Amino acid sequence: MKTIKIVMLLFLSITTTFAQSKDEKKIMKEAMLLYNSEKTSWHGTDIFLEEYKELRSESGGYVSYSEGGKHHCIFYDKQEIPNVLIRFSFGDDFDLSNVKIEEDKRKTTEKELNLIAIKTIALNKIRTDTLFKHYQNANLNLVPIISKKEKKVYAITGPKVGGVVVLGNDYLMTFNKKNKLKKIKSLHKNILIYDTSDQEKNKDAMTMHTHLKSSGYMISPVDICTLMLYEEISGWKQHIVVSKEKVSIFSIKDRNLLIMKRKAYDRMMKNINKNKL
């Protein structure tokens, strides 16, 4: 136990010492887009289902996006060209006491229509394409993201039961400018389920998993998004992804990512093990 704590402290120090590389910045940027969208959807749907039950029958679904320094979740109606029924807006801290609610029905913006369109296509795809795997007590959550250069939808496996964190079984669907589906990529071939029900045991834990070549040599934005979303539930402080060529060390609380070569990581661990107390 003492050795594990020393390793954790060392990694925490490393991740806060060096400037981020291009790879680290790119992964963290995408992870934050995913995290902000999913966190917004979590809070938006909670408020909608709890406080606006009368709108349920009118709702055709929801999408979330960031704009103007805020994170927005809209619920839209079932019209062929959907209208916005209600919008919930959050700050970066997601303080629920400061949520802004716009209850006036209005037309959707072009961005909102595009988000709805690609999410709808993605939803039909996961229901019909055998590429997508479905597991008991889990859902494939769809996260549409539109940037200046890309339109895409992530499909991320989320648990329907408490006390677990799920990594893997996730997919990326990319679209062209006209919202036509171009490509579907499986990001992780397998699924990992971590038991987090024992809070005392998991407190300050350092967890890890490995990546095959097909999953890429570095931690994925989806991995980081999931780790941040379930931070309070898991109690984990760090997560490490080990591959043949690289090792990714993510400090969850500090939102710091370090990617190092596998050889350098192995040398470091060898030196630590030499000096065990």
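## Exercises on Phe-250 and strand β9

Phe-250 is found in strand β14, residues 246-251 (strands are DSSP runs of E with at least two residues, numbered from the N terminus). The model is predicted, with local features requiring pLDDT of at least 70, side-chain atom pairs counting only at pLDDT 80 or more, and totals for chains, interfaces and linings using all residues. Residues are numbered from 1 along each chain as its sequence is written, and side-chain values use heavy atoms, leaving out hydrogens and water.

**Exercise 1.** Work out why Phe-250 counts as buried, and find what it is in contact with.

*Solution.* Start with accessibility: Phe-250 counts as buried because its relative accessibility is 0% (buried is under 20% relative accessible area, exposed over 50%, partly exposed in between, with a 1.4 Å probe and protein chains only). Next, look beyond the neighbours within four places in sequence: the contacts of Phe-250 include Met-28, Ile-219, Leu-227 and Leu-257 (heavy atoms within 4.5 Å). Finally, check Ile-240, ten residues apart from Phe-250 along the chain: their C-alpha atoms are separated by 6.3 Å.

**Exercise 2.** Place Thr-174 of β9 between its bridge partners.

*Solution.* First take the strand: β9 covers residues 171-175, and five of its five residues are buried. Tyr-171, Met-173 and Phe-175 point one way, while Leu-172 and Thr-174 point the other way. In a regular strand, side chains alternate between the two faces of the sheet.

Now turn to the pairing (at least two DSSP bridges between two strands). β9 pairs antiparallel with β7 (residues 151-159) over five bridges, and Lys-152 stands opposite Thr-174. β9 also pairs antiparallel with β10 (residues 181-186) over five bridges, where Lys-183 is the bridge partner of Thr-174.

Notes. Helix = DSSP H or I, 4+ residues; strand = E, 2+ residues; numbered from the N terminus.
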